[in-house]
Amino acid sequence: MEPVDIEIVSAIVRAASSLMDRSGRFEIHDKGTLENIVTSSDVAVQHFLTRELGLRFPEIGFLCEEEDLNDIAGHEAIWVIDPIDGTANYARGNENCCISVALVQNGDPVLGVVYAPWREELYTAEKGKGAFCNGKPLQVSGRPFEQGILFTAMSTYRKELAKTCSDIIYDVYMECNDVRRTGSAAVELCLMAAGFAELYFEMRLMPWDYAAASLILTEAGGAACGFDGEKPSMYKPSLFIAANSEENCNRILRAVHRHMEKLPY
């Protein structure tokens, strides 16, 4: 495979962000439930990214959120793309939304770009080379679990899982400092990489929600795992846990296992 220059990818992502219209002149549709929406901007950004990345790196496949784009068969490497993570925020003019692009090779993310244009924050990472925001190195905080801020959510698209989520969140909340939610998994994981929070739990995320940001977090010194304690899958939904250290990651995992013997999906 031809080497991938992260500067080229970053430039393509920045260019795609021009399609995120702040004027509100976009269409909104739901994808089966009122909570799960897509805008015409999501589709436009995805079309731009797949076209430009496909022209520049034709041998790399795609796994993207919109339009069920799944072109992974026969590819050693794929782009895992969320054209707008935090679409509900975007549709309301909330700045906590971003474009997320990861290069996944043989199941492992090796390059990640997360761009939150309204926050003017470009997060980047390459495997083994560290993580950066607007070119400045990132490092997770060294705060212990008891001082940790937890990013989490209540399984918005699978509300039947909310009670179990609530029980797990309660356990963690009683042992940490406090809880936050921005509405964008990728933004939250990047904020963790920058040291603004320490803990993360979501019952069910898709790979495009975390592929790029999880690399940024781990390259900043953090840790991430799925239900089995192994790396979250880059190809299918996963329970997702992250923290500023392996120890804190495992502590959240123990809370999960107190309430779940197996994944409910």
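1. A residue is called buried when its relative accessible area is under 20%. In this predicted model, buried residues make up 53% of the 265 residues in the chain, and this is a useful figure to keep in mind while looking at the structure above.

2. The secondary structure of the chain consists of seven helices and 15 strands. The radius of gyration is 17 Å, close to the 18 Å that the globule rule gives for 265 residues, so the chain is as compact as a globular protein of that length. Along its principal axes, the C-alpha trace spans about 50 × 40 × 35 Å.

3. Contacts within the chain often link distant parts of the sequence: of those between residues at least 6 apart in sequence, 64% join residues at least 24 apart.

4. Turning to the surface, the accessible area of the chain comes to about 11,700 Å², and 49% of this belongs to carbon and sulfur atoms. The chain carries 24 positive and 39 negative charges, and the mean positions of these two groups are 3 Å apart.

5. Val140 serves as a single-residue example. Val140 sits in the loop between strand E10 (136–137) and strand E11 (149–152), and its relative accessible area is 9%, which is under the 20% cut-off, so Val140 counts as buried.

6. Which residues is Val140 in contact with, leaving aside its neighbours within four places in sequence? They are Met192, Ala193, Gly195, Leu217, Ala220, Gly221, Gly222 and Asn244. For one of these, Ala220, the C-alpha atom is separated from that of Val140 by 5.7 Å, although the two residues are 80 residues apart along the chain.

Terms used: Residues are numbered from 1 along each chain as its sequence is written. This is a predicted model: local features need pLDDT of at least 70, side-chain atom pairs count only at pLDDT 80 or more; totals for chains, interfaces and linings use all residues. Side-chain values use heavy atoms; hydrogens and water are left out. Helices (H or I, at least four residues) and strands (E, at least two) are DSSP runs, numbered from the N terminus. The radius of gyration is taken over C-alpha atoms; the globule rule is 2.2 Å times the number of residues to the power 0.38. Buried means under 20% relative accessible area, exposed over 50%, partly exposed in between (1.4 Å probe, protein chains only). Contact means heavy atoms within 4.5 Å. Accessible areas come from the Shrake-Rupley method with a 1.4 Å probe; for residues, only the protein chains shown count as cover. Lys and Arg count as positive and Asp and Glu as negative; His and the chain ends are not counted. The place of a charge is taken as NZ of Lys, CZ of Arg, CG of Asp or CD of Glu.
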